[in-house]
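Work through the exercises below with the sequence and the 3D view side by side. Try each task before reading its solution.

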Amino acid sequence: MADSKLKGDFEKNAASGDAPSSVIRTDAIIIGAGPVGLFSVLELGMQEMKAHVVDVLDKPGGQCAELYPEKAIFDIPALPGVTGQELVDKLMLQIKPYNPTFHLGEMAEKLEELPTGGWRLTTNTGTVLEAPVVVVAAGCGAFMPKKPSIPHIDEYEGKSVFYNVRSKDAFKGKKVLIAGGGDSALDWVRELQPLAAEVNLIHRRDEFRGAPDSVSKMRALVEDGKVGLHIGEIIKLNGKDGQLESVTVKNLKGETFNIECDTLLPFYGLNMKLGPLAKWGLNMDKNQIEVDTEKFQTSAPGIFAIGDINSYPGKRRIILSGFHEAALMAHAAVPIAFPNKKPNLMHSTTKGDAEKKAAKKDKAAKPEPKAPKI
Ligand SMILES: Cc1cc2nc3c(=O)[nH]c(=O)nc-3n(C[C@H](O)[C@H](O)[C@H](O)COP(=O)(O)OP(=O)(O)OC[C@H]3O[C@@H](n4cnc5c(N)ncnc54)[C@H](O)[C@@H]3O)c2cc1C
């Protein structure tokens, strides 16, 4: 179980194909780090399959973390009331032993079949992953930023206008203007203020949707003169060749003024869009991927769809259904990833014991080196 070690037929394909110079090879690619994608890491891990997880958001958790982090969920077995974020934190802890690799802030864009089987996924940032198994756990689609309707903003996107923060270091020494009134805007004001040359916040009114604690912390930074707060609407971007120099703002009285900045981070919320996966040629039922209910496999062998994204008779879009689908998917994925292997049917308790015994045996075979006599 390791990256770069291809199994069976898949090994031959990758060797003979036109592989790009930098390819990550693994056992399973999971698209979506929502609760169902995260739980798949555990189910695949128990079958000794290593997973790479891709999500367009910059943090794991899907709808739970993005739409209702503080709302309680009451129908997760044995957890009588757990908030969306708590569930995500617990899942992250539970999958830690399986050491998944996350590719966050990346959109799964292109999925191609390798010449004689297996799949190649390319993300919008150029990451190339190959695996015999692909698990689409994409929920209701990718979370996409709501873009402000400022003329010519597309000319600045990716150069000096960004809708997410992949690395805080990219904003070191910059004159950053953050736009929005929700938690993302307030959190990034706090996070970037110590390392940016200047941080300004702009919102259309002097009331904020973010958590009260985040609002208080932002106001304290404003009072200390560490952050500038402006009420109004950005109506124009000023700069050249995609590099921002300032923005023109119209305030509530209709007056206009400029704010100097070299970076704009608009955080105006997110929409869910099916996105690129609608074009991958999988059989669809409106906006959902059709699967069977034995393996949760799609119309393409080796590509599974679980969680809110799939469709079958009687489907319920709840987390519990997605967890069940992940367990069955992982069993069905084993012979695809390891053609000569049968799925491990041990309960996790038995497997845990077996792993402990193996570790003990290993330790006994290799005695600890004795401390040198002084
Ligand atoms: C307000 C609210 C309350 C809810 N309460 C409950 C409840 O009490 N109990 C319950 O069981 N369920 C509840 N649900 C539903 C539950 O949240 C969903 O069933 C669950 O989140 C589905 O998980 P998922 O992993 O399938 O998808 P999601 O949580 O939607 O995660 C999918 C992830 O895939 C990513 N993605 C999609 N396409 C791409 C792509 N092309 N490239 C990269 N990333 C991509 C998305 O960005 C997202 O992060 C609630 C939902 C809402 C909105």
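**Exercise 1: the ligand shell**

Task: Which helices and strands each supply at least two residues of the shell around the ligand?

Solution. Helix H2 (35–45), helix H3 (62–66) and helix H7 (319–337) do, as do strand E3 (51–55) and strand E11 (142–145). Helices (H or I, at least four residues) and strands (E, at least two) are DSSP runs, numbered from the N terminus. Residues are numbered from 1 along each chain as its sequence is written. The model is predicted: local features need pLDDT of at least 70 and side-chain atom pairs count only at pLDDT 80 or more, while totals for chains, interfaces and linings use all residues.

**Exercise 2: two packed helices**

Task: At what angle do H2 and H7 pack, and how far apart are their axes?

Solution. Step one: the angle is about 35° and the axes are 9 Å apart. Axes are lines fitted to C-alpha atoms, for helices over the stretch in contact, and angles run from 0 to 180 degrees between N-to-C directions. Step two: the residues of H2 that meet H7 include Pro 35, Val 36 and Phe 39; contact requires C-beta atoms, placed from the backbone, within 7 Å.

**Exercise 3: one residue of H2**

Task: Is Leu 38 buried or exposed?

Solution. Step one: Leu 38 is found in helix H2. Step two: Leu 38 is buried because it has 31 C-beta neighbours inside 10 Å. The cut-offs within 10 Å are 20 or more other C-beta atoms for buried, 12 or fewer for exposed, and partly exposed in between, with C-beta atoms placed from the backbone. Step three: Leu 38 and Met 92 lie 54 residues apart in sequence, with their C-alpha atoms 7.2 Å apart.

Key: Contact = placed C-beta atoms within 7 Å.
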